[in-house]
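Thanks for coming. I have one structure to go through today, and I will keep to what can be read from the coordinates. Please have a look at it first.

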Amino acid sequence: MTSKNEKAYNLLKNSIKKNSISHFYIFHGPNNVGKKKLAYSFSKLLLCENQDIEKPCSECDSCSKIDEKKHFDIVFIDSNSKIEGIDENKSDQIRLPHVQEINRLSNLGPFMGNYKIFILDSAENLNNEASNAFLKLLEEPPKSSVFLFLVNDLSSIYPTILSRAQKINVLETSKEDIKSYIYEKYDLEESIIHKVINFSLGKIEIAEKLSSDPSLIEDYYESYDRFFDFCNSDISTRMEFSQKFSSRYRTDRNAIHKELNLWIDFCNITFNAIYSKDKSVIFEKNLSDIFQTSQINIIVLELIRTLSNLKSNANPRLVFDVMSLKLPLKREEIING
Ligand SMILES: [Zn+2]
């Protein structure tokens, strides 16, 4: 395993150790970051016949079949996968017959080991019909089934599907790699580099953008302040925000899309800080001081839902009102209200 995905890998390894394996994972991150590789490494951990060791043996029958990509209990599916009895798929969608096939194989159970693993590459290509069928399958998944979705962009997955999955962020580049890259290329103060690294969330293109124009960092902070104030306020104040958002949306919808995507990033930055127990301060006001982790998860889902509602041309005022109501209230608001 390369070091860059070590965090994700260890997280998965611990879930096996603690016997808390989820039925459904979404590995998300940009192209070519090793999502597929991580999926196969995780499969090896699950299927290796010499189970009581720290890492897969790479020698048993299971391990060698996985290396040859010939393991019977790993089913790899993308929009090009051929399924018997249906016409060749000319669209780039993952369609209902694909999910029906998953359902059939899943009910047959594993041949060799304890798990049947389904890897769906570019799972954002699931069309509506297929997504619904998959949700149905998730209601009562066969015990042995593990579904691994590989996606670039979380916001293109149905919120109802997202909420059922354990999401694993597969970062493009480690913080250390980004840091040395910026050091070489730009002449920046240490404090700025620190911010660039945290804001880039492992995406080198964002690190480049911020390093070449650090004034953008100020925009990020302003956006964060708006986000924090929005989350931190009561319903009536949120409704005022909602009105401002919707009138802005009518004149510049891209700005609002960008802002909401940034807010999702801010949640991920907060998660990263929580999980890595990083004590270095990047924001003065901390989201995790007013919300529990599970609530921040709900915030992410609501932001994604808001973006997809806006894309489907719903009335913006209504969409922002709904977001204002559905976003969790900070702890004191619940106690006092
Ligand atoms: Zn093995």
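Is Asn19 buried or exposed? Asn19 is exposed, because its relative accessible area is 66%. Before I go on, note that this is a predicted model. Asn19 sits in the loop between helix H1 (6-17) and strand E1 (24-28). Its backbone is worth a glance: Asn19 is not a glycine, yet its phi is positive, at about 60 degrees.

There is another residue to put beside it. Lys69, also a residue other than glycine, has a positive phi near 55 degrees. Lys69 is placed in the loop between H3 and strand E2 (74-77). With 55% relative accessibility, Lys69 counts as exposed.

Now the overall picture. The protein has 16 helices and five strands. The C-alpha trace spans about 60 × 45 × 45 Å along the principal axes. For 337 residues, a compact globule would be expected to have a radius of gyration near 20 Å, and the 22 Å of this protein agrees with that. Of the 337 residues, 47% are buried.

Next, the metal site. Which residues coordinate the zinc ion? The ligands are Cys48, Cys57, Cys60 and Cys63, each through SG, at 2.3 to 2.4 Å. Along the chain, these donors follow the spacing C-x8-C-x2-C-x2-C. As for geometry, the four donor atoms subtend angles of 102 to 120 degrees around the zinc ion, so the arrangement is tetrahedral. For reference, the ideal angle for four tetrahedral donors is 109.5 degrees. One of the ligands, Cys48, counts as buried, because its relative accessibility is 3%.

A lysine in this part of the sequence also deserves a mention. Lys55 is in the loop between H2 and H3. Lys55 is exposed, with a relative accessible area of 60%. The C-alpha atoms of Lys55 and Lys13 are 8.8 Å apart, although 42 residues separate the two along the chain.

On to charged pairs. As a reminder, side chains of opposite charge can pair when their charged atoms come close. How many salt bridges does a search of the whole structure find? The search finds 11 salt bridges. I will show three of them.

The first on my list joins the side chains of Asp121 and Lys36, at 3.8 Å from N to O. Asp121 belongs to strand E3 and Lys36 to helix H2 (residues 35-47), so this pair ties together parts that are 85 residues apart in sequence. Asp121 counts as buried, at 16% relative accessibility. Its partner Lys36 counts as partly exposed, at 38%.

The next one also involves helix H2. Lys44 forms a salt bridge with Asp67, and the closest N and O atoms are 2.9 Å apart. Why does this pair tie together parts that are 23 residues apart in sequence? Because Lys44 lies in helix H2 while Asp67 lies in helix H3 (residues 61-67). Here the lysine is the buried partner: Lys44 has a relative accessible area of 13%. Asp67 is partly exposed, with 47%.

For the last pair, take Lys179 and Glu190, whose closest N and O atoms are 3.5 Å apart in a salt bridge. This pair links distant parts of the chain, with Lys179 in helix H7 (residues 175-185) and Glu190 in helix H8 (residues 190-200), 11 residues apart. Lys179 is partly exposed, with a relative accessible area of 32%. Glu190 counts as partly exposed too, at 45% relative accessibility.

Last item: the surface. Which residues form a nonpolar patch there? The patch consists of Phe72, Leu108, Phe111 and Met112. Together they have about 430 Å² of accessible area. Met112 is located in the loop between helix H4 (96-108) and strand E3 (116-121). That is the strand that holds Asp121 from the salt bridge with Lys36. Met112 is partly exposed, with a relative accessible area of 32%. Patch members need over 30% relative accessible area, so Met112 passes that cut-off.

To close, two points to keep in mind. The zinc ion has a tetrahedral arrangement of four donor atoms, and helix H2 contributes Lys36 to one salt bridge and Lys44 to another. That is what I have.

Note on methods
Residues numbered from 1 in each chain as written. Predicted model: local features only at pLDDT ≥ 70, side-chain atom pairs only at ≥ 80, totals over all residues. Heavy atoms only, no water. Patch = residues over 30% accessible without salt bridge, like charges linked within 9 Å, V, L, I, M, F, W, Y side chains within 5 Å. Areas by Shrake-Rupley, 256 points an atom, 1.4 Å probe, with all protein chains shown as cover. Salt bridge = Lys/Arg side-chain N within 4 Å of Asp/Glu carboxyl O. Helix = DSSP H or I, 4+ residues; strand = E, 2+ residues; numbered from the N terminus. Buried < 20%, exposed > 50% of the residue type's maximum accessible area, 1.4 Å probe, protein only. Donors = N, O, S within 2.8 Å, 3.2 Å for Na, K, Ca; no water. Tetrahedral: all angles 85-135°; square planar, octahedral: opposite > 155°, others 65-115°. Rg over C-alpha atoms; globule rule 2.2 N^0.38 Å.
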